[in-house]
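Colleague: Could you take me through this structure step by step, in words that a first-year student can follow?

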Amino acid sequence: MRTETAASSANPAASPISPLLIRGGRPYGEDVRDVLLVDGTIEAIGADLHAPEGAEIIDASGCIVLPGLVDLHTHLREPGGEEAETVESGTRAAARGGFTAVHAMANTTPVADTAGVVEQVARSGDSAGWCAVRPVGAVTVGLAGERLAELDAMANSRAKVRVFSDDGKCVHDPVLMRRALEYVKSFDGVIAQHAQDPRLTEGAQMHEGVVSAELGLAGWPAVAEESIIARDVLLAQHVGSRLHVCHLSTAGSVDIVRWAKQRGVAVTAEVTPHHLLLTDENVRQFDAVFKVNPPLRTAEDVEAVREGLADGTIDIVATDHAPHPRDAKDREWDQAAMGMTGLETALSLVQRTMVEDGRLSWRDVARVMSQKPAEIGRDEDQGHPLEPGAPAHVLVWDPRPQRVTDPGEHASRSRNSPFAGLELPGTNRLTVLAGRPTVRDGAVVEH
Amino acid sequence: MRHFISIADLDRAEAIAVLATAEHMAETQSRSIRKLPTLVGATVVNLFFEDSTRTRISFEAAAKRLSADVINFSAKGSSVSKGESLKDTALTLQAMGADAVVVRSGSSGAAHLLAHSGWIDQPIVNAGDGAHEHPTQAMLDAFTLRRHLRPGDRTGGLDGIHVVIVGDVLHSRVARSNVLLLTLLGARVTLVAPPALVPVGVSAWPCEILYDLDEALATGPDAVMMLRVQRERMVGGGFFPTEGEYSRRYGLTTVRAASLPAHSIVLHPGPMIRGFEIAGDVADSPRSVIVEQVASGVFVRMAVLYHLLATDAWEAPREN
């Protein structure tokens, strides 16, 4: 743990920032415009901008310029899981992925269910300096699903928590879920639900269907997700609260959220990059790098979540970046940990699955990976459109290179990427956090 | 054939070749000296993470009759029960110089993982992995079926034969391997089970599903294979209301057995629960081949070890 003194000396905000002129890129993939960043703010956007005295000029020709990405669903593992990831390593991974903010999930040891823990996580993020870290608070004490944690204390702490989740576990007690939804209204919070009926998924190992029948692995049925989402949208409507659905993965879930939105329920939903590409067919090799919760579904589900993301039923892409040490994955399938890393491949996956077939424009990508996640998380400093006066959180993305994914190159402390060996498009040319480069040409800028 | 993991890895010719070798092995076992020198100097490790006396003994007998040395490594009382991982166990066996590993595990995919993880280079034989597959059981069932229903045929399949498999299909690796192998060999397979013990997604299997045992038996099948009800794997409970109701609906009673055609045979992979899934009198009746299945198991496992370890594998076995 860093001391306060070390934290302040490591804090990059202490030293002055030189102006940055991003020249010749295409904001939102549209017309070529220069973007000038001065003093942590977007100073100007326009054609052939003049470089001020001392400005660094970045050649962004051929690149897309986007607002810095915001991840609503990240497992940084600290405190307690430092073998898998730390705030330092996880936020470096985030910066490499083009993120300028992540929401750190609460299932740490100790659980982030008190003001003390969430403030510690936020402080660690500030001192690391690679991206903003917004802690997510647990809904229930110890994620045990029995009684509410002190949500108000976390909301009014210095971490200003607005997203609450027992992610990894479902708030399955309907009364407790109702109370949580009601309680967070007073500070404009949101409950982010991990939708999984625990009784329907006892011992579950993979999506229940044709492949699980053949492999003899216990099934995780789609209905275990859909029934909780259906209940929760009705509860949210009944009490007039905001609900966010984590890592929605089935065609039925898309239908339920679409129906709820038509009824005016204040529900938002996320899909992970891996659920946009991979299917239960990937389980056939029994390689636990493909073990994740919710499980990889069928090709029909993949098509439905892509369609839901394209038509706005699904609001955002969130990584569910879930690092694990190698020993947790080098095991028999039913004994291996669930989860995949995702921060450093997320935008490539979205480009591959959504942009390249024309279902999302780059402006849409900014909406689902920056603007909306910041709105849901009430991140006032993040997710702003690229316009003069906005905070200088910027990503310069070159969509042209095709590269074979090598988890060995990742900044994450863990290597459990299911995309290892897969050729994916795009590379991060530059991530800028509050005017200061955190990543250049894919490499973290040491400070 | 590098490993013996799944029936899905075999084509029909390979399956028939293993059966042919098993027939050769069976012949040698009627001689006064039953031990063959084929695998002298080879070490076969039986790596059993699940209790299974009968399968372990069968593999041990098969290896010993081929003159291999056998090391039994069972989870209980070993380093595995102290928390050692499959990976470390595999690395240990590799370092000790095992020539083949026969693995039984409660985890579906364990044999596949051993064969493809890079932890160990030697041939892997799947002696049952979770609810996935038990390929040597299916081979011994096919061997037994052919001997009874195609007597004298040592080169053919099971074309035209109708086999009814009854019971806890959901948790059964025996059922999965048999559906694949029997249909590969040309048989028609009907599964009979209460709906909760049929896996969701079964529609992709190359067989027919019925919920009514009497309806299935009325078609006059050539063989009925009863499965053990695996209560220890029934997570969540509620698969059927009571043993009595299960037994009435799905038990092979003497009355039901009497309705079968005269030539029909009855199989059970064991261990069987008499009076529950099968009546004791049926298990002991002339149409029961349950004890013979045990003998077939040794021949088939000799054949599998032969194909994996003998230097002239896939040639005709030597008559010495």
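**Where the chains meet**

Modeller: In this predicted model, 20 residues of chain A are in contact with 22 residues of chain B.

Colleague: Which helix gives the most to the side of chain A that touches chain B?

Modeller: By class, that side of chain A has seven nonpolar, six polar and seven charged residues. Four residues of this side come from a single element, residues 210–215 of chain A, and the element that gives the most is helix 6.

Colleague: Are helix 7 of chain A and helix 8 of chain A roughly parallel or roughly antiparallel to each other?

Modeller: Helix 7 covers residues 222–239 of chain A and helix 8 covers residues 251–262 of chain A, and they pack with their axes 9 Å apart at an angle of about 10°. Angles under 35 degrees count as roughly parallel, and therefore the two helices are roughly parallel.

Colleague: How many residues of the contact of helix 7 with helix 8 of chain A are nonpolar?

Modeller: Helix 7 of chain A contributes residues including A:Ile229 and A:Val233, while helix 8 of chain A contributes, among them, A:Ile256 and A:Val257. Two residues of this contact are polar and two are charged, and the number that are nonpolar is seven.

Colleague: Which helix gives the largest share of the largest nonpolar core?

Modeller: The largest nonpolar core has 236 residues, and B:Val166 is one of those that touch the most other members. Not counting residues up to four places away in sequence, B:Val166 touches residues including B:Val192, B:Leu213 and B:Tyr250. The largest share of this core is eleven residues, from residues 290–309 of chain B, which form helix 11.

Key: Residues are numbered from 1 along each chain as its sequence is written. Chains are lettered from A and ligands numbered from 1 in the order in which they are written. This is a predicted model: local features need pLDDT of at least 70, side-chain atom pairs count only at pLDDT 80 or more; totals for chains, interfaces and linings use all residues. Axes are lines fitted to C-alpha atoms, for helices over the stretch in contact, and angles run from 0 to 180 degrees between N-to-C directions. Angles under 35 degrees count as roughly parallel, over 145 as roughly antiparallel, 65 to 115 as roughly perpendicular and the rest as oblique. Two residues are in contact if their C-beta atoms, placed from the backbone, lie within 7 Å. Ala, Val, Leu, Ile, Met, Phe, Trp, Tyr, Cys and Pro count as nonpolar, Asp, Glu, Lys and Arg as charged, and the others, Gly among them, as polar. A nonpolar core is a set of buried Ala, Val, Leu, Ile, Met, Phe, Trp, Tyr and Cys residues joined through C-beta atoms within 7 Å. A residue is buried if 20 or more other C-beta atoms lie within 10 Å of its own, exposed if 12 or fewer, and partly exposed in between; C-beta atoms are placed from the backbone.
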